[in-house]
Amino acid sequence: MQKKKEIDLNQILNNLTMKEKIGQLLQIAPFYFIRNIDVEIFGWLRELNLNEEKIFNAGSVLGIGSAKDMIEVQTKYLSKSRHKIPLIFMADIIHGYKTIFPVPIALASSFNEELVTLSARLSAEEASTAGIHVTFSPMADLSRDPRWGRVVEGFGEDPVLSSRMAAAMVKGYIGEGIDKEYTLTPCVKHFAGYGACDGGRDYNTVNISNVDLFNMHLKPYKSALDAGSRLIMAAFNTLNGIPCTVNSFLLKNILRDKWQSDAVTISDYDGSKQVIAHGVAKDTEEVAYKAIKSGLDIEMQSTTYSSHLETLIDNGLVDVKLLDEAVYRVLKLKKDIGIFDNPFKGAVLDDSKIVLTEDKLLRSKQIAHESLVMLKNDGVLPLKKDCKIALIGPYADSRNIIGPWSWHGKRDLHESLYEVLLNHVIFMKTEEDICKYSDSDIDIIKKADVILFALGESDWLSGEAHSRTDINLPNNQAKLLEIANISKLKSVVLLFNGRPLTLNNIQKADSIIECWFLGSKSSEAIKDVIFGNINPSGKLPISFPRNVGQIPIYYNHLNTGRPLTKNGNNEYVSKYLDSPNEPLYPFGYGLSYSNFEYKDMKLSKTKMKLNDVLVAQVEVVNNSKYNGKETVQLYIKDHFAEISRPVMELIAFKKIQVEAYQRAIVKFKISINDLMYFDSLGNKKYDLGKFSVMIGTSSVEYLVKEFELVE
Ligand code: BGC
């Protein structure tokens, strides 16, 4: 084994000129290093004012496609740079490199941390072969507005689920340690509150109260850091008036002081420059001044530091100590990843034994099996083995169902639904417009046993900068369901989408499955489920509203002073005149072919002392002939506190397997930590008195018991 070099980071730091130090905080795209900047770099890229000197002092690279490119860039860089500190390569590996796994919102639906860890582990194994060292993942932003396109990249609306999923993903990327081969170093993003943008419009204003920030939004980032994320990306948005890129409350008070984290901070793509558009700096010099003072280390695709930091320091406006600390963090990361020892770490020119292997594709399918969510089933599923199918809709024969942020995933490699269902399909048409279906079409359709409608949003309708105000199925696709009526056949809707949709107008379908975007093996995984080879077990990580007017809608809201009650006088209460308050499909909801019954809930005591552990248990019975998996969810309600507390909050869940006609006892331990919350100053509090514990199959179907917290 190669002996590790002795690396003295302070000595390296001391040997750097000011310009070289500042360079370590610059991240730019790979082409700058290998193209002729005078001839080939044009348009707005020129505004970065990069020259040969700045480029060959840069510290990191944004995005790289292959080992060949990485080797070329690093070789050229090392040959030209004086200090020869290797570049670190960062990229967006969101749900796979070449083998694509389900999108994060689908992974969250699995409620299965082991699978999430596995997807990240395999992604890291593949992506590291391109010489990528850091991935801009997980996205730990809570999503409470389905209009926001980036719902697809996160883990939904709940802080505990998101925290556990973010940590599971981090664990998978890191594997045995970031110094090892086949690993990625995670960069959790977007700090903070990016998912709470006004109106669900991407990049828009975010205002979050401290109580909500501490109890909801900040938790998943913290969880990712605790699990080993070594970087954290500042969000594009303003948080309570201050752009996150220059937000010292977030980058210093919370991150460094409260959480004691030494994670490297990085802006989002040209986030520094955007501070000017936010109106919080008049020019790039002021941005540089504010950013370094607020605790921003690396600038992604902005050059305010390389243009101004030296002058700011020379003029005594910025303490060089701030620069040194930031550079030290970057150097330490490089050392810990091991690129001082091997600047080409990871890069494998022939990756054929590692990427897209049969084993990885099989794993991708197994993860997909647990990531889809059955929303409705009036007995039509599972289909009979000899079932004849009419397959209708825009995604009937599409290979474009692997999901957004699949840069390196080749869509053409993976099969469409039609291709995997070929032996069953007697009619297939991808037209979205019902008028395009003729009488002779209907005559053939009538010969089928069932119609499968493959509907949804193209993957281009979700993701960054893809917000929508209308979250119905696009192009009036729901109208296609009339074909089921005309032909008097049972129907199954398979949905491909990256956000909750309003689904009122497809309720006449006999069955509905939320497939999200399931990655490379989408079609096969769906086939396994609809034919009953796999029993669906996903649960929704986010509420599905009935209409856009209900947004924001999430299960863990506060009570109002005039709540809507089941049997009371409901005139002057908190309600809509034209819609129920509840979502169409609630958080935690998802059906199985099994029929799970919850009974005999017990608490180990009715009074819990502060240092007691209370055990809550329930019996889950599988009253069906199908072996199945069930996510047992535990929620609490703190009845009286110093501040109004949510009507219910998920504090734990367990995914269990229960064989046909068998039962399982599920136990949860509840300690004071589960009952505590943050006040508006960020201090942890608890309240003596009454608590309810709810254990159930979703946030609306559960058993309840009460206990009292006593001194
Ligand atoms: C996105 C980030 C991403 C970055 C680098 C930005 O536009 O907001 O999530 O990591 O680009 O690609």
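This passage describes the surroundings of a ligand, one pair of helices and several loop residues in a predicted model. Local features are given only where pLDDT is at least 70, side-chain atom pairs count only at pLDDT 80 or more, and totals for chains, interfaces and linings use all residues. Residues are numbered from 1 along each chain as its sequence is written, and side-chain values use heavy atoms, with hydrogens and water left out.

The ligand is surrounded by L62, D92, F136, R150, K189, H190, M233, F236, D268, Y269, M300 and E464, where a residue is taken as near if one of its heavy atoms lies within 4 Å of the molecule. This shell divides into 6 nonpolar, 1 polar and 5 charged residues; in this scheme Ala, Val, Leu, Ile, Met, Phe, Trp, Tyr, Cys and Pro count as nonpolar, Asp, Glu, Lys and Arg as charged, and the others, Gly among them, as polar. Polar contacts with the ligand, defined as pairs of N or O atoms within 3.5 Å, include one in which a side-chain N or O atom of D92 is 2.4 Å from a ligand oxygen atom. A polar side-chain atom of R150 likewise lies 2.7 Å from an oxygen atom of the ligand, and for H190 the corresponding distance is 2.7 Å. Of the 310 Å² of accessible area that the ligand has on its own, the protein covers 91%, with areas computed by the Shrake-Rupley method and a 1.4 Å probe.

Helix α8 (residues 113-127) packs against helix α9 (residues 159-174) at an angle of about 35°, and their axes are 7 Å apart. Helices (H or I, at least four residues) and strands (E, at least two) are DSSP runs, numbered from the N terminus, while axes are lines fitted to C-alpha atoms, for helices over the stretch in contact, and angles run from 0 to 180 degrees between N-to-C directions. The contact, meaning heavy atoms within 4.5 Å, involves residues including V116, A120 and A124 of α8 and M165, A168 and M169 of α9. By class, this contact has 8 nonpolar, 3 polar and 4 charged residues.

Turning to the loops, a cis peptide bond with omega of about -5° joins L381 and P382, and P382 is found between β11 (373-377) and β12 (389-392). Another cis peptide bond, with omega of about 0°, joins I551 and P552, the latter in the loop between α20 (522-530) and β17 (596-603). In the loop between β10 (299-300) and α14 (304-314) lies Q301, a residue other than glycine whose phi is positive, near 55°. V647, in the loop between β20 (628-638) and β21 (649-658), is 89 residues from L558 in sequence but 5.5 Å from it in space, C-alpha to C-alpha.

Definitions and conventions
Polar contact = N/O pair within 3.5 Å; in protein donor to acceptor, adjacent residues only side chain to side chain.
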